[in-house]
Amino acid sequence: MFSSADHACMSQALQLAEKGLFSTTPNPRVGCIIVRDNQIVGRGWHEQAGQAHAEINALKQAGTAAKNATLYVTLEPCSHHGRTPPCIDALIDAGVAKVVVAMEDPNPLVAGKGCALLRQAGIEVKVGLMAAEAKALNVGFVCRMLHQRPWVRLKIAASLDGKTALNNGMSQWITSEAARRDGHHWRARSCAMLTGIGTVKADDPQLTVRHVETVRQPLRVVVDSRLEMPLNAKLLKDDSAIIFTAISSKEKSAALQNLGAKVIEVPGANGEVDLTKMMRKLAGLEINEVLVEAGSKLNGALVQADLVDELVMYMAPHLLGDKAQGMLDMPELTCLENKSKLDIQDLRMVGQDIRLIAKFL
């Protein structure tokens with residue numbers, strides 16, 4: 001169905017899409033190549049929400065050479081008015097002869113409509129070339145559109161025996177500087193970072209991207225069931241913090257809101273935050289990817305609630321012993337059939353540490 005030349009062109013489009021890894025949120029990362037007479041005449045990628053889509057940028061570069069050309073795009077061209085006009089109108093007006101799409105847009109406003117309208121206009125459309133690679137670039141956007149929640153990535157730094165801190169709470173630093181720098185890549189691509197109030201009180205983290213160049217900082221999100229957030233916490237230094245709580249306190253909420261934070265009540269069982277409802281709220285705020293950097297209690301609660309999609313774990317060549325703090329605070333299993341199952345996607349060295357990436361099954 002697809003030739004080696006098709007694969008080569010779509011591969012280039014995917015490389016262009018990746019340029020938007022840190023900047024397109026809440027929009028998907030999309031790249032586009034326009035080919036005429038076996039020559040690339042236009043390249044484009046979506047750089048930032050509100051700006052031109054990949055197809056429009058590629059068409060501008062191609063100019064009149066787009067007529068009767070083949071366009072390769074990593075996501076179905078949009079057919080609705082959003083932050084920008086629909087791309088299909090521009091493709092039809094440019095006179096492209098063929099459009100090759102990696103994957104259909106999971107957005108219900110599009111979901112095949114773009115391809116259908118292109119076909120109605122007499123343009124040949126083929127879908128499915130390197131779809132897995134395109135989806136991997138936009139796991140969060142796809143998850144939000146299909147399941148109304150963000151893609152949740154749990155990041156853990158631990159010793160080889162699975163310990164994240166000493167019994168007295170000391171944890172800086174178990175892993176190497178190389179691993180910490182690598183971790184900022186995951187921060188940069190995330191729409192939001194999530195932690196618990198225990199981590200805020202113990203470590204006072206900034207939860208910012210510092211080791212990777214980025215045009216924006218992720219939103220900071222804190223699970224704080226009893227609204228114990230210190231008003232001098234570092235993550236309150238700007239207006240990008242959301243605090244989810246299970247109680248109502250007008251005085252404390254007002255104090256936090258005066259600092260620019262947003263307080264959202266989502267009470268659940270046993271006086272704790274309802275984590276499932278919290279994720280739906282984040283999806284409603286157009287959050288695609290969430291990176292969790294928290295303690296064992298919140299880590300365990302998220303896993304138990306089936307809200308973690310992916311694990312990114314850095315394992316340092318150290319042993320801390322049984323008395324040190326673990327990774328996941330979860331009830332004891334009495335049957336191995338109840339174990340959490342993962343599929344290892346990647347395993348490599350980062351400095352002297354092992355980085356493991358796995359998806360929850």
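Cysteine 143 counts as buried, because its relative accessibility is just 5%, under the 20% limit. That value, like the rest here, comes from a predicted model. The closest cysteine sulfur to that of cysteine 143 sits in cysteine 191, and at 12 Å it is too far off for a bond. A disulfide is a covalent bond between the sulfur atoms of two cysteines. Searching the whole structure for disulfides turns up zero. Cysteine 87 is no exception: its nearest cysteine sulfur belongs to cysteine 78, 3.7 Å away, and cysteine 87 is in no disulfide. The cut-off is 2.5 Å between the two sulfurs, so 3.7 Å does not qualify. Cysteine 87 is buried too, with a relative accessibility of 0%.

Next come the nonpolar cores. In soluble globular proteins, nonpolar side chains tend to be buried together. Here the largest nonpolar core has 43 residues, and Met10, Ile34 and Val99 have the most contacts inside it. Quite a few elements give two or more residues to this core, among them H1, strand S1 (31-36), helix H3 (87-94) and helix H4 (113-120). H1 is the top contributor, giving six residues. As for isoleucine 34, its contacts include Ile40, Val41, Leu59 and Leu71, leaving aside residues up to four places away in sequence. There is also a second, separate core of 34 residues, with Ala192, Leu275, Leu282 and Ala358 among its members.

Helix H4 is worth a look of its own. Gly114, Cys115 and Leu118 are buried in H4. These three sit on the same side of H4, because they cover an arc of only 95° around the axis. What do the buried residues of H4 pack against? Their neighbours are H3, S4 and strand S5 (124-127). After H4 comes glycine 122, which has a positive phi, near 90°.

Then there are the charges. Side chains of opposite charge can pair when their charged atoms come close. The structure holds 16 salt bridges. One of them joins glutamate 177 to arginine 181, with the closest N and O atoms 3.2 Å apart. Both residues are in helix H7 (residues 177-189), and because they are four residues apart, about one helical turn separates them. Glutamate 177 is partly exposed, at 43% relative accessible area, and arginine 181 is also partly exposed, at 40%.

Arginine 187 pairs with glutamate 293, and here the closest N and O atoms are 2.8 Å apart. Arginine 187 is in helix H7, while glutamate 293 is in the loop between strand S11 (289-292) and helix H11 (296-304), so this salt bridge ties together parts that are 106 residues apart in sequence. Arginine 187 is buried, at 9%, and glutamate 293 is buried as well, at 13%. Another salt bridge brings together lysine 201 and glutamate 228, at 3.6 Å from N to O. Lysine 201 belongs to helix H8 (residues 197-203), and glutamate 228, 27 residues apart from it, is in the loop between strands S8 and S9. Glutamate 228 is partly exposed, at 33%. Elsewhere, shared partners link Arg29, Arg153, Arg189, Glu289 and Glu310 into one network of salt bridges.

That leaves a charge without a partner. Aspartate 6, in helix H1 (residues 4-17), is buried yet has no salt bridge. Why not? Lysine 98 has the nearest side chain of opposite charge, but it is 4.9 Å away, and a salt bridge needs the atoms within 4 Å. Aspartate 6 does touch Met1, Tyr72 and Leu129, again leaving out residues up to four places away in sequence.

Conventions: Residues are numbered from 1 along each chain as its sequence is written. This is a predicted model: local features need pLDDT of at least 70, side-chain atom pairs count only at pLDDT 80 or more; totals for chains, interfaces and linings use all residues. Side-chain values use heavy atoms; hydrogens and water are left out. Buried means under 20% relative accessible area, exposed over 50%, partly exposed in between (1.4 Å probe, protein chains only). Lys and Arg count as positive and Asp and Glu as negative; His and the chain ends are not counted. Contact means heavy atoms within 4.5 Å. A nonpolar core is a set of buried Ala, Val, Leu, Ile, Met, Phe, Trp, Tyr and Cys residues joined through side-chain atoms within 4.5 Å. The arc is that of the directions from the helix axis to the C-beta atoms.
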